[in-house]
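The exercises below are to be worked through with the sequence and the structure side by side. Each one sets a task and is followed by a solution in steps.

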Amino acid sequence: MKVVSTVINIHLRPNLESLLSHEITKEIFIKYCKDNFVGESVACYLLIQEFKHLIFINNNNSNNSTNNSANDDNANNSTNNQSTSNNNSNNNKQQQQLQYGDDKKINELVHKIMKEYIREGSEHEINIDSQTRSSIINRMTQFTTLSTEEKAEFFGDVEFQILLMLASDVLPRFVRSKTWHQFVIENSEIATKCCSLEDLNLMKSLKYTKEDLKRKYLLMKDIQFADMVCLDYSCYEYLVGSKDINVYFCTGDTFFEDFGVGKSNVAKAIGYLPFCAEVVISCLRDPYGTRRIYPTTVFDTNEKNEEIIYLNKEFQTVNLEENHLTNNNDNSDNNSTNSTNKKDKSLPTELVKYHVQVSSLFDLRTNHVGATVIYYNSKYYYIAKCINNPEEFPSEYIYYKNGKKYTRQTVPMISISMHVITPISKDKCHYVHFASGNLGGIFTKISTLSVFKKMLGKVSVKSRETLISVLNEFKQERYVCVKDGYERVRKSIELFNEAYGITKECPFPKTFEELQEL
């Protein structure tokens, strides 16, 4: 399937006025309203907007006519400006004719709205309260005597009731419909223009910069970014069933600055898994589980041929105000003090190094990442953001062979991986995996999106089948092989709750034995 974009959170909150100002989006919204038996309301609303527009034009024409008359008098008093006088006089006559025509259109339109939508028993009678309906009908006989401002607000109560119904009921259903989501996927640029200015500014503020990729600790910005790009499962019920995970691709221009290394690309896998969220997140966080699910993953090794995964201190946090690192595994009073300021603390972050074997034709791609798992907004977030800082974290594969150390230069890979797991029941969760990457090296010289799709698409499409198979295998062994993943998730969640003062009960099992019973 050809996909140029994907649905993100701000697309679920389009501005109604912007939606109706673009011909294409207005057309699909009107059709949706008709299909859902509220077509007459939106048609009436649009006629009221046309009615108000005519009044505005008529008022401007009237003002212009008055100004031209004044100019006419001044010009007639001067023999040197006779030509200007004639021109202004002609303009004045044209404006008066135009004003008369607009008055006629306004009267015709107000009678059309009354006849077709307001009066009881009308062909397209809209649902408004009886008091509003009676008030408008009674004032209709006085319409021609009203001032411009009073005419403009003549249908104000009707307009308010329609807007309230559209905004609170129709629009929320529309933005979760297959019609709108498919439109967003195929027409991302137009759909994004329909978003509110507040959401567009939020998206701009969350855009990843070079400094974001350089930092090695994770912030709440990363969680906000995940919220923007990973939607709640209810929004995707039309896209996915209980059997398949769908994968969507787009370029990452919306989410990332130009880093000078070619385009970043995005894939998003969406679907359901027949396991509880706590088991899934523990498996994804476990190095052994990761290796089983993503077999292209390679880790450094030491002289004992043991894999080296975590770098330096584990669960680092940074106090942004004092700008120094603290190790949360050290139960010192200093850590307790530093963790009290919610605004100045980063998320508990583990530093991880791994490599990806893209194919036999190309070298390893190396990732240094800051990783965390938290429970927030009734979801589990597992975020792994790359650390693009070659001075401190060089791209090299370190391994031992026959007791001798070898170092091989590799290509750095700019990537961000976000798993958002929403609990549904003890045997079901909703799964969203947002992955972005720039493969670096020779891939910047060719069609990066096609290579990215081929590589990540293959992994993502198979990941559900592989994940289910692996989890079923682990379940037979009571998940003993992902105990490390469980411990890391539990510790990370505890540290996050402590640092941010969260007291709400988290459903994550307090002991590994509880997880084994799930």
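Helices, of at least four residues, and strands, of at least two, are DSSP runs numbered from the N terminus. On that basis the protein chain of this predicted model holds 18 helices and 15 strands.

**Exercise 1. Judge how far the model can be read in detail.**

Solution. Begin with the confidence of the protein chain, where the pLDDT averages 80 and 74% of the residues score at least 70. Next, look for stretches that fall below 50: residues 238-242 do so, although beyond near neighbours in sequence this stretch has 13 contacts in the model. Residues 442-449 also have a pLDDT below 50, and their stretch has 15 such contacts. The caution to apply is that where pLDDT is low, the predicted coordinates should not be read in detail.

**Exercise 2. Describe the burial and the contacts of the chain, and find the residues at the centre of its largest nonpolar core by contact count.**

Solution. Of the 518 residues of the protein chain, 50% count as buried. Among contacts between residues at least 6 apart in sequence, 70% join residues at least 24 apart. Turning to the largest nonpolar core, one finds 124 residues, of which F29, F155 and F255 touch the most other members. Helix α3, residues 39-76, gives the most to this core, with 8 residues. Taking F29 further, and leaving out residues up to four places away in sequence, its contacts include L16, L19, L20 and V42, as well as L166, V170, L171 and F174.

**Exercise 3. Compare two helix pairs: at what angle does each pair pack, and which residues make the contact?**

Solution. For the pair formed by α2 (residues 23-35) and α7 (residues 156-175), the angle is about 105 degrees and the axes are 11 Å apart. Since 65 to 115 degrees counts as roughly perpendicular, α2 is therefore roughly perpendicular to α7. On the α2 side the contact is made by I28, F29, Y32 and C33, and on the α7 side by L166, V170, L171, R173 and F174. By class, this contact has 8 nonpolar, no polar and 1 charged residues.

For the pair formed by α13 (residues 277-285) and α17 (residues 483-499), the axes come within 7 Å and cross at roughly 105 degrees, so that α13 and α17 are roughly perpendicular to each other. Here I281, S282 and R285 of α13 meet G485, Y486, R488 and V489 of α17, and the contact has 3 nonpolar, 2 polar and 2 charged residues.

**Exercise 4. Decide whether helix α12 is mostly covered or not, and name its buried residues.**

Solution. In α12, residues 220-229, 7 of the 10 residues are buried, and the helix is mostly covered. The buried residues are K221, D222, I223, F225, A226, M228 and V229.

**Exercise 5. Examine three loop residues, S395, S378 and R478, for their surroundings or their backbone.**

Solution. S395 lies in the loop between β10 (379-386) and β11 (396-401). With a relative accessible area of 13%, S395 is buried, and beyond four places in sequence it touches T366, Q409, T410, V411 and P412.

For the other two residues, recall that most residues other than glycine have a negative phi. S378, in the loop between β9 (365-376) and β10, has a positive phi near 65 degrees, and at 40% relative accessibility S378 counts as partly exposed. R478, in the loop between α16 (448-476) and α17, has a positive phi near 60 degrees and, at 38% relative accessibility, counts as partly exposed.

Key. Residues numbered from 1 in each chain as written. Predicted model: local features only at pLDDT ≥ 70, side-chain atom pairs only at ≥ 80, totals over all residues. Heavy atoms only, no water. pLDDT = per-residue confidence, 0-100. Contact = heavy atoms within 4.5 Å. Axes fitted to C-alpha atoms, helices over the stretch in contact; angles between N-to-C directions. Parallel < 35°, antiparallel > 145°, perpendicular 65-115°, else oblique. Nonpolar A, V, L, I, M, F, W, Y, C, P; charged D, E, K, R; others polar. Core = buried A, V, L, I, M, F, W, Y, C linked by side-chain atoms within 4.5 Å. Buried < 20%, exposed > 50% of the residue type's maximum accessible area, 1.4 Å probe, protein only.
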